[in-house]
Amino acid sequence: MKKKTTSAARRTAVKRFHILTIFPHGLDSYLGESLLRHAQEKKLISVEAHDIRAFATGKHRKTDDRPFGGGPGMVFKVEPIYGAVESIVRRSRVARKKRRVILFSLRGKKLDARVARRLVRYDELVLIAGRYEGVDERVAEHIADEEISIGDYVLSGGELPALVLLEAVSRFIPGFLGKSESLEDMKGSYPTYTRPEIFVPKKGKAWRVPNALREGDHKKIEEWRRNHGSK
Ligand code: SAM
């Protein structure tokens, strides 16, 4: 008899993240720390970095080439990216509709909590980190399901955007934060303080924790947080 998948089992299914990059080891230190490390140990998520260069051909395994029509800089070639995505898809046991292939691009949709919440519904996210002056447009046209930007500023590659998305999405996985309440649950964010109540810097006046937070009156605390939180 076919086993029924309960909603609890669906929620705890491991989310698979694949990061395609020409610098796979550049991600190691961040992935090996704190909540992302714990989430991997708890098998809530799996993260694999794939070296796109391994799918490049020729003696020098070149991943870039000059742009058609001329212009400055080099362009990320389509073939190695195609090869890397294909190799993931070939080995994947995840149904096509539960997989999302994302290309990081300045022209993409801006990443925010709503986008992260939408993406957490997929079981497998394939994240393509661009490099050079840009990525051959055929990747956006034929390989990626969508393009995502993390903001209106230019980074040298899509590795940091991939880590940002990975963490933003993972925070919506039940169990990732290790506690039921988080700042996100409180409708946005508010300023927080911890001990000491009064900090005296080397120069100038003491820095104090607001009275409303120190007095233990929960109504006052809630009101203060509402008034000082993000809208
Ligand atoms: N002039 C290029 C353009 O307008 O696309 C800039 C390319 S950037 C130097 C190289 C790669 O880094 C991009 O293809 C993209 O994958 C990634 N990237 C840089 N900044 C990004 C951002 N704010 N959001 C998402 N990806 C970004």
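How do the residues of the lining of the largest pocket divide into nonpolar, polar and charged? The counts are 13 nonpolar, eight polar and six charged. This is a predicted model, and the pocket is a good place to enter it.

Start with the space itself. The largest pocket holds about 530 Å³. Its lining is built from 27 residues, and the closest to the pocket centre are Phe104, Ser105, Leu106, Glu133 and Gly134. Now look at the elements behind that wall. Strand β5 spans residues 99-110 and gives five residues, the largest share of the lining. Helix α6 (138-143) and strand β7 (146-149) also take part, each with at least two lining residues. A probe the size of a water molecule, rolled over the atoms, shows where empty space is left.

Next, turn to the surface. Tyr153, Leu155 and Leu160 make a nonpolar patch there, with an area of about 290 Å². Take Leu160 as the example. Leu160 sits in helix α7, which runs over residues 159-170. Its relative accessible area is 53%. The cut-off for exposed is over 50%, so Leu160 counts as exposed.

Helix α7 also leads to a backbone feature. The loop between α7 and β8 (198-199) contains Pro196. The peptide bond that joins Arg195 and Pro196 is cis, with omega at about 5°.

Two further loops deserve a check of their phi angles. Begin with Lys43, in the loop between α3 (34-41) and β2 (45-51). Lys43 is not a glycine, yet its phi is positive, at about 60°. Is Lys43 buried or exposed? Its relative accessibility is 60%, so Lys43 counts as exposed.

On the other side of β2 comes Arg61, in the loop between β2 and β3 (64-65). Arg61 is a residue other than glycine, and its phi is also positive, near 45°. Its relative accessible area is 39%. Partly exposed covers values between the buried limit, under 20%, and the exposed limit, over 50%. Arg61 is therefore partly exposed.

To retrace the route: β5 supplies the largest share of the pocket lining. Leu160 of α7 belongs to the nonpolar patch. The loop after that helix, between α7 and β8, holds Pro196, and its bond to Arg195 is cis. Lys43 and Arg61 carry the positive phi values.

Notes: Residues are numbered from 1 along each chain as its sequence is written. This is a predicted model: local features need pLDDT of at least 70, side-chain atom pairs count only at pLDDT 80 or more; totals for chains, interfaces and linings use all residues. Side-chain values use heavy atoms; hydrogens and water are left out. Patches are made of residues with over 30% relative accessible area and no salt bridge: like charges are joined within 9 Å, nonpolar side chains (Val, Leu, Ile, Met, Phe, Trp, Tyr) within 5 Å. Accessible areas come from the Shrake-Rupley method with a 1.4 Å probe; for residues, only the protein chains shown count as cover. A salt bridge is a side-chain nitrogen of Lys or Arg within 4 Å of a carboxyl oxygen of Asp or Glu. Helices (H or I, at least four residues) and strands (E, at least two) are DSSP runs, numbered from the N terminus. Buried means under 20% relative accessible area, exposed over 50%, partly exposed in between (1.4 Å probe, protein chains only). On a 1 Å grid over the protein atoms alone, a cavity is a set of points where a 1.4 Å probe fits but cannot get out, and a pocket is an open set with protein on both sides within 12 Å along at least five of seven lines; lining residues have an atom within 4 Å of a point. Grid points are joined across faces, edges and corners, and a volume is the space filled by probe spheres set on the points. Ala, Val, Leu, Ile, Met, Phe, Trp, Tyr, Cys and Pro count as nonpolar, Asp, Glu, Lys and Arg as charged, and the others, Gly among them, as polar.
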